[in-house]
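Q: Could you take me through one part of this model up close, the sheet and the helices packed on it? I'd like the geometry spelled out, with the cut-offs behind each term.

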Amino acid sequence: MTIAALIVAAGRGTRAGGDTPKQWRALGTARVIDHAIAAFRGRVDEIVVVHHAEDIDLARTLDGVTLVAGGATRADSVQAGLAALTDRGVTKVLIHDAARALTPCGVIADVIDALGTGVAAAPALAITDALWRGEDGHVTGTQDRTGLFRAQTPQGFGYDAICAAHAHYDGAALDDVEVARAAGLTVTITAGHEDNFKITHAEDFARANAVLARRADKGHDMLDIRLGNGYDVHRFGVGDHVWLCGVKIPHGRSLQGHSDADVGMHALTDAIYGALAQGDIGRHFPPSDMQWKGAESHIFLRHAIELARCKGYDLMNCDVTLVCEYPKVGPHADAMRAALAGIMSVDLDRVSVKATTSEKLGFTGREEGIASIATAALAKL
């Protein structure tokens, strides 16, 4: 399935105070919306941000997202975001509030997994506190909490189903689950998380900063950092091009392999698997399985980085070295960096690609093939 994240950021957030809407305010070393977007990078195929028309200059600072102007209500903004995804092949959409800036990756993964078998899913937390009814500052009664939940986002849906549900809904809904249920859709409840709270009031910024500090100080005095190395070799054979780090380069011969033989991407993929103690490409994509014959290597790299993120890690940086006499890598290095960064949904300055020769020594010196060495550093989110 092709999945899009639709992040609603068109509100004014007046209850949070300040001169700037809360989604654009600083939280740690980034902004609230930057954190919200980061949670989805590498987990979905496309990200749409619905912003207030007055915030267009702020919205233009966001990289790698589609920008859409919102409407007068949240429902109008959601429908504008859904319309922007028309004819893009999207089958599932995750609708998320930008003010929920610290959504753990497991919450997102659970919603996506539930959409594999159902048409709608959303995270929630069961209510455990006693519930009162009140009036004029006094308790007037109690409320049974059995079967009651605190709703969270992202709320996931089949794309066509939620578009139809919104088109036929009349009135103001509390959230997209209410719209879906009015259309007769069954909504699966997935596990929410206390960190996935909505920044609403000024004091919520202190709570959010405390969550960031806890994550950064995991174990109090030790940040959870993983390092992995990868090494791969492919021999030359008949052909007229090579694939290196996602870039097709004309050459008198081609690299031979079960897949597209992208030696640089294979080494980087193994480096990420190694950092996670998850074996190598062959473990996850066995060469004995013919469905991977001739496969494009971005499939392997994307799987590795998504696996890292599902385990709570993200890429700090990576370094790929290609060992060959020809083709010359230098003219293509920037394009290679951009290709790898795009596949992994990371900033370009986190990706290094360089080359060296073996001074005419060994199989690379004899131009019998190309070798690659890669290192990847992961950190716990």
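A: Here is a walk through the sheet, then its helices, then a few backbone details.

Quick ground rules: this is a predicted model, where local features need pLDDT of at least 70, side-chain atom pairs count only at pLDDT 80 or more, and totals for chains, interfaces and linings use all residues. Residues are numbered from 1 along each chain as its sequence is written, and side-chain values use heavy atoms, with hydrogens and water left out.

Let's start with the sheet. It is open, built from 5 strands in the order E16-E13-E19-E17-E18, with mixed pairing. Strands here are DSSP runs of E with at least two residues, helices are runs of H or I with at least four, and both are numbered from the N terminus. Two strands pair if DSSP finds at least two bridges between them. In general, strands of a sheet pair through backbone hydrogen bonds, either parallel or antiparallel. The edges belong to E16 (253–255) and E18 (351–356); each has a single partner strand, so one side of each has no neighbour in the sheet. On average, neighbouring strands are turned by 20° against each other, direction ignored. At the E16 edge, E13 (residues 225–238) pairs with E16 in the antiparallel sense over 3 bridges, and Val238 stands opposite Arg253 in E16.

Now for the helices on top. For the angles, axes are lines fitted to C-alpha atoms, for helices over the stretch in contact, and values run from 0 to 180 degrees between N-to-C directions. Helix H8 (residues 263–275) lies across E13, E16, E17 (313–323) and E19 (369–380), at about 155° to E13. Helix H10 lies across E17 and E19, running at about 150° to E17. Contact, by the way, means heavy atoms within 4.5 Å.

Helix H11 (residues 333–344) packs against H10 (residues 298–310) at an angle of about 50°, with the axes 9 Å apart. That makes H10 oblique to H11; the label covers whatever is left once angles under 35 degrees count as roughly parallel, over 145 as roughly antiparallel and 65 to 115 as roughly perpendicular. The crossing of H10 and H11 is right-handed, meaning the near helix is turned clockwise from the far one by less than a right angle (anticlockwise would be left-handed). H10 brings His298, Leu301, Arg302, Ile305 and Arg309 to the contact, and H11 brings Leu340, Ile343 and Met344. By class, that contact has 5 nonpolar, 1 polar and 2 charged residues. Nonpolar covers Ala, Val, Leu, Ile, Met, Phe, Trp, Tyr, Cys and Pro; charged covers Asp, Glu, Lys and Arg; the others, Gly among them, are polar.

H8 meets H11 too: their axes come within 12 Å and cross at roughly 40°, which makes H8 oblique to H11. This crossing is right-handed. Met265, Leu268 and Ile272 in H8 meet Leu340, Ile343 and Met344 in H11, a contact with 6 nonpolar, no polar and no charged residues.

H10 also has a share in the 1 aromatic pair found in the whole structure. The ring centres of Phe285 and Phe300 are 4.7 Å apart with planes at 50°, so the pair is tilted (centres within 6.5 Å make a pair; planes under 30 degrees apart are stacked, over 60 edge-to-face, the rest tilted). Phe285 sits in the loop between H9 (281–284) and H10, and Phe300 in H10, so the pair ties together parts 15 residues apart in sequence.

One last backbone detail: Tyr326 and Pro327 are joined by a cis peptide bond, omega about 0°, and Pro327 is in the loop between E17 and H11.

Notes: Rings of Phe, Tyr and Trp (its six-membered ring) pair if their centres lie within 6.5 Å; planes under 30 degrees apart count as stacked, over 60 as edge-to-face and the rest as tilted.
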